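Colleague: Could you take a close look at one part of this model for me? I would like to hear about the salt bridges.

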Amino acid sequence: YFMSVNRGKQSVTIDLAHPDGARVLRDLAAESDVLVENFVPGTMARFGLGYDDLKTVNSRLVYCAISGFGQTGPYARRPALDIVIQAMGGIMSITGEPGGGPIRPGTSYGDITAGLYAVVGVLAALQERERSGQGQMVDVPMLDCQLSVLESAVGRYLSTGEVPGPVGTRHPTFTPFQAFETADGWVVVAIVGGVQDQWPLFCAAIDHVELIDDPRFGDGHQRTLNYDALIPFLTDAMRRKTTGQWLQEFGELGIACGPVNTVDKALNEPAVQEHRLVEDAPHPRLGTVPLVRTPIALSRTPNGPLGGPADLGQHTDELLTNLLGYEPQAMTALKGSGAIGGIEDS
């Protein structure tokens with residue numbers, strides 16, 4: 001887990017509660033473009049390292065604070081972990097099958113969503129700094145981020161007052177738009193109405209042409225309203241062929257579809273292999289470790305070799321000496337007092 005989320009990073013270990021450790025971080029902030037922290041609000045200020053403190057040493061600093069509930073408000077001082085944010089943000093209430101209990105999605109959406117929004121906020125602040133010459137604070141509440149990605153669930157509630165619930169793999173407004181069991185696995189089929197409704201093609205493929213002109217199923221909205229009447233036809237038909245057969249047939253018709261992959265199969269999809277998403281990265285003790293690289297490709301700036309994860313404190317000496325110019329005697333004193341650590345302390 002540590003290696004997968006810390007690829008390409010350098011590591012310095014500092015005791016921020018130690019006065020000399022706080023001074024080291026202030027020195028780093030003076031030379032930095034961006035500082036990101038995710039302590040409970042008030043923690044960094046208690047160490048003399050809040051935004052108001054650090055902007056005095058670097059007015060161009062972009063200071064990004066990720067927290068459960070933001071820097072202000074009734075919950076500001078509450079600690080929060082991913083599952084707490086997922087629960088409070090509503091996603092667990094709309095995940096799973098109808099009538100079932102709340103389900104946590106299989107990845108840390110609360111953490112990841114906040115991290116991605118933090119990147120957007122930091123980039124916006126850096127771009128604004130090009131005009132103003134000034135840094136600023138970026139406040140990223142995880143709870144707000146979680147609600148912002150509920151998309152249609154929030155929109156439907158605000159528009160209708162109806163509280164969304166779990167619908168399994170279905171889409172709340174389009175049908176068919178879900179995973180179906182096949183003869184040997186599962187396949188996802190997604191049909192949306194528009195200029196060319198693919199419903200007739202789908203009906204022909206599953207040998208139920210009588211459904212094409214059935215007024216109950218005339219468009220995606222009607223099919224959703226009459227889902228209970230429609231779904232037995234679809235589930236029975238889809239079980240008659242394998243996932244591979246359906247993928248070939250639907251693919252030839254231009255119908256959006258895909259297999260429900262396990263992680264190993266997803267990593268071995270030809271498209272993923274083409275993009276070389278998995279790459280061996282160097283590690284100071286293990287030689288190399290396979291990791292997932294960034295999925296973003298730029299046309300003029302190719303991705304360089306994937307940087308491996310660092311051990312805790314691996315770059316403390318290097319960065320503080322080369323970037324800040326600390327002398328060996330100062331480094332020895334800082335280590336002796338416990339203000340900083342090195343790889344030997346990990």
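How many salt bridges does the count come to by your rule?

Modeller: Happy to help! The count comes to 12 salt bridges, where a salt bridge is a side-chain nitrogen of Lys or Arg within 4 Å of a carboxyl oxygen of Asp or Glu. A word on the basis: this is a predicted model, in which local features need pLDDT of at least 70 and side-chain atom pairs count only at pLDDT 80 or more, while totals for chains, interfaces and linings use all residues. Residues are numbered from 1 along each chain as its sequence is written, and side-chain values use heavy atoms, with hydrogens and water left out.

Let me start with Arg129 and Asp33, whose side chains meet in a salt bridge at 2.8 Å, N to O. Arg129 lies in helix 6 and Asp33 in the loop between helix 2 (19-30) and strand 2 (34-37), so this pair ties together parts that are 96 residues apart in sequence. Helices (H or I, at least four residues) and strands (E, at least two) are DSSP runs here, numbered from the N terminus. Arg129 counts as buried at 7% relative accessibility, whereas Asp33, at 45%, counts as partly exposed. Buried means under 20% relative accessible area, exposed over 50%, and partly exposed in between, using a 1.4 Å probe and protein chains only.

Next comes Asp214, which forms a salt bridge with Arg216, their closest N and O atoms being 2.8 Å apart. Asp214 is buried at 15% relative accessibility, and Arg216 is partly exposed at 37%.

Then look at Glu279 and Arg293, where the salt bridge has an N to O distance of 2.1 Å. Glu279 lies in strand 8 (residues 278-283) and Arg293 in the loop between strand 9 (287-292) and helix 15 (316-322), so the pair ties together parts that are 14 residues apart in sequence. Both Glu279 and Arg293 are buried. Elsewhere, salt bridges that share partners join Glu181, Asp236 and Arg239 into one network.

For the setting, the secondary structure of the chain comes to 16 helices and 10 strands. Its radius of gyration is 26 Å, well over the 20 Å that the globule rule gives for 346 residues, so the chain is more spread out than a compact globule. That radius is taken over C-alpha atoms, and the rule is 2.2 Å times the number of residues to the power 0.38. Buried residues make up 34% of the 346 residues in the chain.
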